[in-house]
Amino acid sequence: VIDDGWRCQIDQLQLAFDDFAASKDLLVSPGVTLEELNISASGRSVDGKVSVSGPFDGTWQEIALSLPGAAGTFSFQDEELQAAVDIVDLNDAVSGSVQWSRNAAADTGALEVRNGWASFDRARLSDYAPGWMLPFDVLQGSWDVDLQLQWQATNGIPQYRGAASMTLDGIGGTYTDIAMICLATELSVTIDPAEGLGLQTAPVSIRLLDVGVPLENIVFEYGADLEAQSVSVAGLSLDVFGGAVSADPFEYALTSESNDVMLRARDIQLQLMVDILEFESLAMTGTISGELPVTMTDDKITVSDGQLDNDSAGTIRYRPPAGALDAVAPGGGLGPITQTLTNFEFETLSSTINYTEGGDMKLLMRIVGVNPDIDPDQPYAFNLNLENNIPQMLRSLRAVRSIEDILKQRTEN
C-alpha cells in the first residue's frame, strides 16, 4: 500500500499582504492571485500560476513606492521553492524576466534577472515613488540590466557569488537645480566569496552638465578598488568656454584626508567667459591656457596657485554705458585707465588663481599691451585683483535659465 498523502486543486486563490517585509528596509503591500493551484503529497508539492497586481504600494526606508506587477509560475517540491515571472508595468516603462529559487534544506538560493529594462522617457524615476522628496530625479533615457546571483549559507551566514551587467543610455535628469543630459555608461560587477566585489573599468560620457556654466562632452573612464575604498579616474576631459579642460589620471580614496588632481585648461576663449558673466560693456579676443592644481577634502575643493596665461595676443575693448561716464571721471570724460581699455591690444595676460573651501575665487592678473589710438609705442601694464564667490555666482546663473529648456536639447539634437 502506497500512501502519497492528500491532494487538491484550486482554480483561484487571492491573497492580500499588508506591509510584508521583503527585506530589512523594504515593506510591500501587494495583492497576489494564485491560479491553477495543484497541491499534492500532503502539501509537500505545490505548483501553479502567480500574478501580482500592479502598481502596488511599498516603502523603502520610509520612502513611499509604487511598484510594477508581475505574472508567471511557481513550484514547491522537496523543500525547494522556485518562481519565474515577467514584470508587468501599466506604463510599459519597465520589463524583464526574473527567476528565483530557494532550497530551505540546503540553505541555498539563486536569483536571475534577464533583459531587465526601464525607460525614463515613459515614466520618470519619481513616478515610482509618490511624494518623492529626494533632491534628484531621472527624466530621460533607459536602463538595461542582467543579473545572476547564487548564495550558500554557512553557519547561517550567506556567501554570494555572481555577476551583473548594467547599461545606462541617454540618461537625463536633475539634481536640485543642476541639469544633465545624455549620460551613457556600462557597468560590470562580479561577486566572489573570496575576492568580494569586483568592478571592471568602465567608460562614461555626458553630453551636457549644466551647473550654471555649461560643461559639455564630458568623457572619462573609472575603476574601483572596493576593498581599498578608492576610485581611479583616467582620460577625464570636457569642453567649456570654447576650449577644453582635462585631468591627469588620479585616484579618489575615501579613506584619505585629501585627494589631489591636476586640471589642464587649453584654448579657453576670453569672450565666452565675459559673456557668461554678463559684462555687456566688455569685449575681448584671445584664448588662455594653463594648469589648476585641485585638492579635494571631504566635499570641499581648493585650488592653490593655479596659472592661466594667454596663448597669443588679444584685445580688450571696454565701452562703459553712457550713464557711467560721470562716475568714472568728473565732467563726463573717460578716466585714463578706462580710456586705455577702450581699445587695448595686449601681448601678455598672465593670471594666478586661488580658490578657497568657502568658494571664494581670487584672481590676480597682469596685463601688458598698448592702445594704438593713444600711442602704439607706449606700453601699459595693469595689475588687476578680482574676487568672486563661485557657488553664489553659479546659483545666480542657474536661477535665470530653464531646466526644461536644457532637457529639451536631448530630443532637439
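A search of the whole structure, which is a predicted model, finds six salt bridges. Side chains of opposite charge can pair when their charged atoms come close. Three of these pairs are described below.

## Salt bridges

K49 and E36 form one such pair, with their closest N and O atoms 3.4 Å apart. This pair links distant parts of the chain, since K49 belongs to strand β5 (residues 45–52) and E36 to strand β4 (residues 31–40), 13 residues apart. K49 is partly exposed, with a relative accessible area of 38%, and E36 is partly exposed at 47%.

R161 and D192 also meet through their side chains, at 3.0 Å from N to O. R161 lies in strand β13 (residues 157–175) and D192 in strand β14 (residues 178–192), so this salt bridge ties together parts that are 31 residues apart in sequence. The relative accessible area is 45% for R161, which is partly exposed. D192 is also partly exposed, at 23%; residues count as buried under 20%.

In a third pair, the closest N and O atoms of D248 and R264 are 2.8 Å apart. D248 sits in the loop between β18 (243–247) and β19 (250–253), while R264 is in strand β20 (residues 259–269), so the pair ties together parts that are 16 residues apart in sequence. D248 is partly exposed at 27% relative accessibility, and R264 is partly exposed at 30%. Which residues are joined with D248 into one network by salt bridges that share partners? They are R264 and E291.

## Aromatic pairs

The structure has five aromatic pairs. A pair of aromatic rings is described by the distance of the centres and the angle of the planes.

F17 and F20 form an edge-to-face pair, with 5.6 Å from centre to centre and 65 degrees between the planes. F17 is partly exposed, with a relative accessible area of 33%, and F20 is partly exposed with 45%.

For F344 and F382, the ring centres are 5.3 Å apart and the planes stand at 75 degrees, so this pair is edge-to-face. F344 is in strand β25 (residues 344–355) and F382 in strand β27 (residues 375–389); the pair links distant parts of the chain, 38 residues apart. Are these two rings buried or exposed? F344 is buried, at 0% relative accessibility, and F382 is buried, with a relative accessible area of 11%.

## Nonpolar cores

The largest nonpolar core has 49 residues, of which L215, V240, F346, L349 and I367 touch the most other members. Strand β25 supplies the largest share of this core, five residues. Apart from its neighbours within four places in sequence, L349 is in contact with several residues, including L270, M284, I288, L308, M365 and I367. D309, N310 and R366 are also among the contacts of L349.

A second core is separate and has 11 residues, I39, V50, A70 and V113 among them.

## Strand pairing

An open sheet is formed by four strands in the order β2-β3-β6-β7, with antiparallel pairing. Its edge strands are β2 (20–21) and β7 (63–67), each pairing on one side only. In a regular strand the side chains alternate between the two faces of the sheet.

The table lists three strand pairs, each with one pair of bridge partners.

| Strands | Pairing | Bridges | Bridge partners |
|---|---|---|---|
| β6 (residues 56–60) and β7 | antiparallel | five bridges | G58 and L65 |
| β9 (residues 80–88) and β10 (residues 94–103) | antiparallel | seven bridges | V85 and V98 |
| β10 and β11 (residues 108–119) | antiparallel | nine bridges | S97 and R114 |

Strand β10 also takes part in two hairpins. The hairpin of β9 and β10 has five residues between its strands, and D92 in the turn has a positive phi of about 50 degrees. In the hairpin of β10 and β11, how many residues lie between the strands? There are four, and D107 takes a positive phi near 55 degrees.

Notes. Residues are numbered from 1 along each chain as its sequence is written. This is a predicted model: local features need pLDDT of at least 70, side-chain atom pairs count only at pLDDT 80 or more; totals for chains, interfaces and linings use all residues. Side-chain values use heavy atoms; hydrogens and water are left out. A salt bridge is a side-chain nitrogen of Lys or Arg within 4 Å of a carboxyl oxygen of Asp or Glu. Buried means under 20% relative accessible area, exposed over 50%, partly exposed in between (1.4 Å probe, protein chains only). Rings of Phe, Tyr and Trp (its six-membered ring) pair if their centres lie within 6.5 Å; planes under 30 degrees apart count as stacked, over 60 as edge-to-face and the rest as tilted. A nonpolar core is a set of buried Ala, Val, Leu, Ile, Met, Phe, Trp, Tyr and Cys residues joined through side-chain atoms within 4.5 Å. Contact means heavy atoms within 4.5 Å. Two strands pair if DSSP finds at least two bridges between them.
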